[in-house]
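This report describes the overall form of one protein chain, then one of its helices and its cysteines.

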Amino acid sequence: MRSDVARLVDGLLDRLAAHDRPADLVPLLARPLPLAVICDLLGVPRADGDRLDAWCDALRNLTAASDAEVTTAVAEMTGYLTELVTAKRRRPGEDVLSTLIAARDEGDRLSQDELVSFALVLLAGGYGTTADRLAGSAHLLLDDPERWGQLVRAPAMIPRAVEELLRYAQTNVQANLRVATEDVRIGGVRVSAGEAVMAVNSSANHDETVFDTPDILDLARDHNPHLGFGHGVHHCVGAPIARVQLQEAVAALVRRFPGLRAAAPPQWKAGLKTRAPRSLPVAW
């Protein structure tokens, strides 16, 4: 998988190298890389990527689109995946969706609705969050030339730097509802058994009792038990794939564009559940 991702990254960076300057890193790398990876993994045609991209943004909408637009997007995406499942049932491939279909047909493990719903969640979750992470990480690295210079001088730091970027700034504020199974005291507040609390992962990633100087982005940080991908049964199943994409993208950028720099301030997404650059102009 890593070698496939590395080839994808190199192909995208070939396009970046041939592009006029400044170039926008979001449509040239941050979006197409995870979109191609999730399409290939699930067996979705890459040619349908733009439609999937628009639908995924609709699923993360807060105020950027009307309720009617979101409802239409969900219906269109559900219809598309239903047709895709039908096509793959006739002609299965070597992909996750075909494997899920076989599991349903041979063992009745997933209903048709569950199969389509699961595919929708995998597409939406497996693409958008990684694209936003990559764009946000590139912004943080280029916002301070010394950070970028650290990785240029010592590329062996990149895996550790990626973990720190995952800890430091999440693209969305994740909060999970939890119910206490016994009386417990947290931060001087008593939570009784049976009471519900909202656990905010991004806050845990800045816990001063766990991380030294948690509000500093330290690319050489050693001890880093962050919750950027959740925890326990809620840990993101796509975490290994996301890590590979971030590591390979940053490593290739550092190797091929050591003089990369921000050409203008980023433009930020608005009205969605996530915060990430929608445009990141760069030059080299």
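The radius of gyration is taken here over C-alpha atoms, and the globule rule sets the expected value at 2.2 Å times the number of residues to the power 0.38. The model is predicted. For 284 residues the rule gives a radius near 19 Å for a compact globule, and the 20 Å of the protein chain agrees with this. Along the principal axes, the C-alpha atoms fill a box of roughly 60 × 55 × 35 Å.

The protein chain comprises 11 helices and 9 strands. Of its 284 residues, 43% count as buried. Among contacts with a separation of 6 or more, 64% join residues 24 or more positions apart. The accessible surface is about 14,800 Å², and carbon and sulfur atoms account for 54% of that area.

Helix α11 covers residues 239–256; its 18 residues should span 26 Å, and its end C-alpha atoms are indeed 26 Å apart. Its buried residues include A239, V244, L246, V250 and L253. The buried residues of α11 pack against several other helices, among them α1 (2–18), α7 (112–143) and α9 (158–168).

The structure holds 0 disulfides. The sulfur of C39 lies 9.1 Å from that of C56, the closest cysteine sulfur, so the two are too far apart for a bond. A disulfide would require the sulfur atoms to be within 2.5 Å. Both cysteines are listed below.

| Cysteine | Relative accessible area | State |
|---|---|---|
| C39 | 1% | buried |
| C56 | 3% | buried |

Notes: Residues numbered from 1 in each chain as written. Predicted model: local features only at pLDDT ≥ 70, side-chain atom pairs only at ≥ 80, totals over all residues. Heavy atoms only, no water. Buried < 20%, exposed > 50% of the residue type's maximum accessible area, 1.4 Å probe, protein only. Helix = DSSP H or I, 4+ residues; strand = E, 2+ residues; numbered from the N terminus. Expected span 1.5 Å × (residues − 1). Contact = heavy atoms within 4.5 Å. Areas by Shrake-Rupley, 256 points an atom, 1.4 Å probe, with all protein chains shown as cover.
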